[in-house]
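Colleague: Got a few minutes to walk through this one with me? Put it up and let's start with a loop.

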Amino acid sequence: MTEITSTLNDFLVTTKSSAALIINGKGKLITSLHIDYADSVAAMSAAILSMSEKFLIDLDKGALKQLFLKTSEGVVIGNKISGTNFILAFSKDGSNLGLLMRSTDEIATELSKNSLLK
């Protein structure tokens with residue numbers, strides 16, 4: 001687990017994101033950094049991701065890979081790691097959106113190699 005947390009911390013530093021968490025498809029928190037009420041956020045995020053996946057499947061648009069949410073205070077990027085595991089990154093600065101989306105996809109690929117997240 002320390003390897004996952006270390007990778008997540010490096011990601012936060014590199015992308016200047018404010019917080020991140022990793023969840024499974026049932027809303028169980030795997031790990032988080034710099035986020036209050038992480039268990040509640042994990043459960044709510046799982047509901048959003050599950051509904052988004054069902055939406056895309058019903059429209060025959062393929063499987064959900066990445067989700068982008070823009071708020072008045074920043075952005076949230078959700079990226080599938082593997083199976084039903086997701087990483088969510090929170091950033092107060094949306095100006096680096098392209099870099100954040102690409103970096104989130106890259107860390108998801110890296111994390112998918114970890115036996116705990118396969």
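**Loops, helices and the sheet**

Modeller: Asp60 lies in the loop between α2 and β3. Helices and strands here are DSSP runs (H or I over at least four residues for helices, E over at least two for strands), numbered from the N terminus.

Colleague: And what am I looking at, model-wise?

Modeller: This is a predicted model, where local features need pLDDT of at least 70 and side-chain atom pairs count only at pLDDT 80 or more, while totals for chains, interfaces and linings use all residues. Residues are numbered from 1 along each chain as its sequence is written, and side-chain values use heavy atoms, leaving out hydrogens and water.

Colleague: Back to Asp60, then. What is its phi?

Modeller: It is near 55°, a positive value in a residue other than glycine. Most residues other than glycine have a negative phi.

Colleague: Is Asp60 buried or exposed?

Modeller: Asp60 is exposed, at 68% relative accessibility. The cut-offs are under 20% relative accessible area for buried, over 50% for exposed and partly exposed in between, using a 1.4 Å probe and protein chains only.

Colleague: Which other residue, not a glycine, has a positive phi?

Modeller: Lys16, with a phi of about 60°. Lys16 belongs to the loop between α1 (2–15) and β1, and its relative accessible area of 70% makes it exposed.

Colleague: Okay, changing topic. In what order do the strands run across the sheet?

Modeller: The sheet is open and has five strands, ordered β2-β1-β5-β4-β3, with antiparallel pairing. Two strands pair if DSSP finds at least two bridges between them.

Colleague: Which strands are at the edges?

Modeller: β2 (29–33) and β3 (66–71); each has a single partner strand, so one side of each is left without a neighbour in the sheet. On average, neighbouring strands are turned by 15° against each other, direction ignored. Axes are lines fitted to C-alpha atoms, for helices over the stretch in contact, and angles run from 0 to 180 degrees between N-to-C directions.

Colleague: How many bridges link the β1 and β2 pair?

Modeller: Four, between β2 and β1, which spans residues 19–23. Ala20 has Leu33 in β2 as its bridge partner. At the other edge, β3 and β4 pair antiparallel over six bridges, with Lys70 opposite Val75 in β4. The link from β3 to β4 is a hairpin through two residues.

Colleague: Now the helices. Which strands does α2 lie across?

Modeller: α2 (residues 38–58) lies across β1, β2, β3, β4 (74–82) and β5 (85–91), at about 65° to β1. α3 (residues 97–111) also packs on the sheet; it touches β1, β3, β4 and β5, and its direction makes about 25° with that of β4. Contact here means heavy atoms within 4.5 Å.

Colleague: How many residues does α2 have?

Modeller: It has 21 residues and reaches 30 Å from first C-alpha to last, close to the 30 Å expected at 1.5 Å a residue. That expected span is 1.5 Å times one less than the number of residues.

Colleague: Which residues of α2 are buried?

Modeller: Ala38, Val41, Ala42, Ser45, Ala46, Leu49, Ser52 and Leu56. They cover an arc of only 135° around the axis, which puts them on the same side of α2; the arc is that of the directions from the helix axis to the C-beta atoms. Their cover includes β1, β2, β3 and β5. On the other side, Asp39, Met44, Met51, Phe55 and Asp58 are exposed.

Colleague: What does Asn96 touch, beyond its neighbours within four places in sequence?

Modeller: Thr15 and Ser91. Asn96 is found in the loop between β5 and α3 and is buried, at 18% relative accessible area. A polar atom of the Asn96 side chain lies 3.4 Å from the backbone oxygen of Thr15.

Colleague: Last one: which residues does Thr7 touch, same sequence cut-off of four places?

Modeller: Ile107, Glu110 and Leu111. Thr7 is in α1 and is buried, with a relative accessible area of 13%. Glu110, in α3, is partly exposed at 47%.

Notes: A polar contact is a pair of N or O atoms within 3.5 Å; within protein, one must be able to donate a hydrogen and the other to accept it, and residues adjacent in sequence count only if both atoms are side-chain atoms.
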